[in-house]
Amino acid sequence: MLNTDTYAYASRLKAIDPMQKFIFAFLTLGVCLWADQMVVSIAVIVLMSGATIFFGGAPFSVWLKLMIVPMSFLVIGIFTIAINISRDVYSFLWAYSIAGYWVGISESGIREGINLFFRVLGSVSCLYFLSLSTPMVDLLSVLRRLRLPKLMVEMMGLIYRFIFVLLETAATMLIAQNSRLGYINLRSGYRSMGSMVSVLFIRAYKRSNELYTSLEARGYDGEIKVLEETYENNKKLVFLAALINGVLIFLALFLK
């Protein structure tokens, strides 16, 4: 189970005010989406990934595992964008005729798909910078400081915790099945997987009820109150964030 909070608490950037990291991450994300330029997207990926790995101390293997998840979906999306349908065969690099139409891959489709690929990865790298350097407790504190409704903030916190209850239950069941040779062959693996899926949500639901009962036993009244750390405003980070995004905006305008 990959718990990003573990790496967030160990990050060297944890001591920085979470509000500053939040503004920096979302400001850079907004510039990446606004620019819609592959060069700018690649620059955002390099900057945010470098800040996460070299300055924050997040392991490269963890960052790579997290980046592979959106990449797997993006590959499928690129193919759907690159493939076009037209009556003009000359607009394609490669095409196949079906019922009077040409279905193939065009140069503009490939260019648009690659641009979308790096644009999404740039946006994701901004979010990974925030999640791997800021614990969930600090992120919820930022949302409270932004005056979001208390109910929304508490629901986000509870859902986040219940996700890991579900993952922990699945991991425990998987270990139990492996100890009984439940995945010794393909047929046994399908049978074990089916039984785990059918029982997983029931057990996770019961554990969630137990967790909620324990919260009520400790005086839970609809708001989880935690002690928040005091952070000093880092003026250098504010200046650096403004400088980086200024350079990215200038680069985007220059390319356009």
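In which helix does F201 lie? F201 lies in helix α8, and the tour will return to it after a view of the whole chain.

**Before selecting anything**

This is a predicted model, in which local features need pLDDT of at least 70, side-chain atom pairs count only at pLDDT 80 or more, and totals for chains, interfaces and linings use all residues. Residues are numbered from 1 along each chain as its sequence is written, and side-chain values use heavy atoms, with hydrogens and water left out.

**The whole chain**

Display the protein as a cartoon. The secondary structure comprises nine helices and three strands; helices (H or I, at least four residues) and strands (E, at least two) are DSSP runs, numbered from the N terminus. Read from the N terminus, the order is α-α-α-α-β-β-β-α-α-α-α-α. The protein has a radius of gyration of 23 Å, well over the 18 Å that the globule rule gives for 256 residues, so it is more spread out than a compact globule. Here the radius is taken over C-alpha atoms, and the rule is 2.2 Å times the number of residues to the power 0.38. Along the principal axes, the C-alpha trace spans about 70 × 60 × 35 Å.

Switch to a surface. About 16200 Å² is exposed, and carbon and sulfur atoms supply 69% of it; accessible areas come from the Shrake-Rupley method with a 1.4 Å probe, and for residues only the protein chains shown count as cover. Of the 256 residues, 37% count as buried. Buried means under 20% relative accessible area, exposed over 50%, and partly exposed in between (1.4 Å probe, protein chains only). Among contacts (heavy atoms within 4.5 Å) between residues at least 6 apart in sequence, 71% join residues at least 24 apart.

**The cores**

Next, select F24, V40, V44, M48, F129 and L248. Of the 30 residues in the largest nonpolar core, these touch the most other members. Such a core is a set of buried Ala, Val, Leu, Ile, Met, Phe, Trp, Tyr and Cys residues joined through side-chain atoms within 4.5 Å. The elements that give two or more residues to this core are α2 (18–35), α3 (38–55), α5 (107–131), α6 (136–145), α7 (150–179) and α9 (235–255). Helix α2 gives the most, with eight residues.

Centre the view on F129. Leaving aside neighbours within four places in sequence, F129 is in contact with L13, K21, F24, A25, M48, A51 and T52. Then select I45, I53, M67 and F117, which are among the 13 residues of a second, separate core.

**Loops**

Move to S11, in the loop between α1 (4–10) and α2. S11 is buried, with a relative accessible area of 8%. Not counting residues up to four places away in sequence, S11 touches G56, L132 and S133.

Select D36 next, in the loop between α2 and α3. D36 is not a glycine, although its phi is positive, at about 55 degrees. With 35% relative accessibility, D36 counts as partly exposed.

L181 also has a positive phi, near 60 degrees, in a residue other than glycine. Look for L181 in the loop between α7 and α8 (186–217). At 55% relative accessibility, L181 counts as exposed.

**Helix α8 and strand β3**

Return to F201 in helix α8. Is F201 buried or exposed? At 55% relative accessibility, F201 counts as exposed. Draw a C-alpha to C-alpha distance from F201 to A170: the two are 9.0 Å apart in space and 31 residues apart in sequence.

Finish at Y101, which is in strand β3 (residues 101–105). Y101 is partly exposed, with a relative accessible area of 36%. A distance line from Y101 to L237 joins C-alpha atoms separated by 55 Å, with the two positions 136 residues apart along the chain as the sequence separation.
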